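User: I would like to learn how to read the features of a model like this one. Could you take me through it, starting with how two helices pack?

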Amino acid sequence: MLKTDVVIVGAGAVGCAIARELSKYHVDVVVVDKRDDVGGDASKSNSGIICSGYDAYPDTLESKLIVAANPMFDKLAAELEFPFIRCGALLPAFTDEQYEKLPSIKETAFKNHVYDIEYLSREQILAIEPELNPEVKGGLLIPRESIIDPFVYVQALAENAYENGVKFLLNTEVLDIKTEDGQIKSVETSAGTIECNRVVNAAALHCDDIAAMVGKADFHVEARRGQIYILDKNTSCKVNHIVFPIPTKVTKGKLMTPTTHGNMLVGPTAEDLDNKEDRSTTAEGLESIYEDVRRMIPNVNVRDSITQYSGLRPNRKPEGLHVDVYEDLPGFVNLSGVRSTGVSVSPAMAKYVVEKMKEMGWEMNLKEDFNPIRKGIPCFREMSNEEREAIIKENPLYGTIVCRCETVTEGEIVAAINRPLGARTVDAVKRRVRAGMGRCQGGFCGPKVLEILARELNVPTGEINKNLNGSYMVVGKNK
């Protein structure tokens, strides 16, 4: 039986941000997630946008956390070394009806204290984003909208929390939470019992299932599927900013955005599902993306797609982002309604949750030796020739290119496997150093990555998974 102070259920952006924040205190913390890797469900399949909060519902907890979190990312990116770019966003209007909505959008932004939003004329907006439909009448510039590598961000939070004492149990499903006389006693998992007196429910898509274990599920969660195209870095049509359509009540709509690595993302859809595991893409969904986005950007070329994927956002009914605590169960913090803004709110959410814990009387004493710094894996692709020569001299494995599409070396892959909370699957390597993220999608480098994983983990290649347990890459010999 493992014993700890706090169990965090869910290793997505919010769960890992809370873990890192708690690692600043003299508190024993265990993060539990049923997935094979940190990143959760929604956090590792979103569009990589850090929101400014310009279009959030004013005076809600969500709007306050988004606006508070946005300026935190500059310092976090410097401390944790993850890709983050303040590229800004455009909201172009192509019809009179859309143009007439711009003042109300700006008014909402001001209510949310996003004061740097600006009107742009037709000429101004086309000058900075020439691929827009020339029928554009004008639009809004939202400078604080930014892009991030969500994979590396969550890994960085988790690695830094781990280095500061947090334990992680992956491939571990929460089966039940035991209480007695209004107190948390333990968390029952597929890996055994964890004795604790505090639980933070950051399970996102399955937060209603976790809340039901302690009788606090006065809501339910539906999966909202978002399908997305990833376009090749050399696609014939690129944008410099995030390009949003005029938003609706359901979604920000289908957009086009650059990524921190030079690809273009196009999408997503917003489809409510009963199935929380359906991550399939559909011809109809992908076609709807193309039809909608080309109205804004006529030359968008989805034939340059190197892959498509879908993510599931946790859509709470009733709606709204909640951080709930209970007088009759003071050891339970219940997070729900963390939808597509989960990555965006995560650093502010972490601080907010810790303050809630203090208000509940949880003893929280700061450490004197918390280390906020996490060093990233040196990226060969971004080095100068002089830097490449130096790192190859230091580590000859950096002289072997494994992934040609993304120029990823054996040295980077080995580092991804052997660092704290290192990669144990082919997809985990891909998320850390991008081997397999390029045009061939692992067709060339996949077997070599498999071989390196088996060698470094000292297991047969037949035991290496693509992602979840049982998704074996090799199932037998044919000779």
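Analyst: Happy to. Two packed helices are described by the angle between their axes and the distance between the axes. In this predicted model, helix α1 (residues 13–22) packs on helix α6 (residues 150–163) at an angle of about 30°, and their axes are 8 Å apart. Angles under 35 degrees count as roughly parallel, so α1 is roughly parallel to α6.

User: In which hand does α1 cross α6, and which residues make the contact?

Analyst: The crossing of α1 past α6 is left-handed. From α1, the contact uses Ala13, Cys16, Ala17, Ala19 and Arg20. The α6 side brings Tyr153, Val154, Leu157, Ala158, Asn160 and Ala161. Sorted by class, the contact of α1 with α6 has nine nonpolar residues, one polar and one charged.

User: Now sheets, please. What is the strand order in the open sheet of six strands?

Analyst: Reading across, the order is β10-β3-β2-β14-β22-β21, and the pairing is mixed. The edges are β10 (167–169) and β21 (322–326); each has a single partner strand, so one side of each has no neighbour in the sheet. From one strand to the next, the twist averages 15°.

User: How do I read a single strand pair within it, say β2 and β3: how many bridges join them?

Analyst: Look at the direction and the bridges. Strand β2 (residues 6–9) and strand β3 (residues 29–32) run parallel and are joined by four bridges. One residue pair to find on screen is Val9 with its bridge partner in β3, Val32.

User: Which helix lies across β14, β21 and β22?

Analyst: That is helix α9 (residues 342–359), which lies across β14 (198–201), β21 and β22 (329–336). Relative to β21, α9 runs at about 15°.

User: And the open sheet of four strands: what is its order, and which are its edge strands?

Analyst: The order there is β1-β13-β12-β11, again with mixed pairing. β1 (2–3) and β11 are the edge strands, each pairing on one side only. β1 pairs with strand β13 (residues 192–195) in the parallel sense, over two bridges. Within that pair, Lys3 has Glu195 of β13 as its bridge partner.

User: Let's turn to burial. How many of the nine residues of helix α11 are buried?

Analyst: Here the cut-off matters: buried means under 20% relative accessible area. Seven of the nine residues of α11 (residues 410–418) are buried, so the helix is largely enclosed by the rest of the structure. The buried ones are Glu410, Gly411, Glu412, Ile413, Val414, Ala416 and Ile417. Note that Glu410 and Glu412 are on that list.

User: What do the buried residues of α11 pack against?

Analyst: They pack against two strands, β23 (401–403) and β24 (408–409), and two helices, α12 (426–433) and α13 (446–457).

User: What should I look for in the backbone itself?

Analyst: Look for departures from the usual pattern. Most residues other than glycine have a negative phi, and most peptide bonds are trans.

User: Where are the cis peptide bonds before Pro268 and Pro318?

Analyst: One joins Gly267 and Pro268, with omega about -5°; Pro268 sits in the loop between β18 (264–267) and β19 (271–273). Another joins Lys317 and Pro318, where omega is also about -5°. Pro318 belongs to the loop between β20 and β21.

User: What else is in the loop between β20 and β21?

Analyst: Gly320 is there, between β20 (305–317) and β21. With a relative accessible area of 35%, Gly320 is partly exposed. Leaving out residues up to four places away in sequence, Gly320 touches Ser336 and Gly337.

User: And what are the phi values of Glu81 and Asn171?

Analyst: Glu81 has a positive phi of about 55°, though it is not a glycine. Glu81 lies in the loop between α3 (72–80) and β5 (84–85), and at 34% relative accessibility Glu81 is partly exposed. Asn171, also not a glycine, has a positive phi of about 50°. Asn171 is in the loop between β10 and β11 (174–180), and its relative accessible area of 36% makes Asn171 partly exposed.

Technical notes: Residues numbered from 1 in each chain as written. Predicted model: local features only at pLDDT ≥ 70, side-chain atom pairs only at ≥ 80, totals over all residues. Heavy atoms only, no water. Pairing = 2+ DSSP bridges. Axes fitted to C-alpha atoms, helices over the stretch in contact; angles between N-to-C directions. Contact = heavy atoms within 4.5 Å. Parallel < 35°, antiparallel > 145°, perpendicular 65-115°, else oblique. Left-handed = near helix turned anticlockwise from the far one by under 90°. Nonpolar A, V, L, I, M, F, W, Y, C, P; charged D, E, K, R; others polar. Buried < 20%, exposed > 50% of the residue type's maximum accessible area, 1.4 Å probe, protein only.
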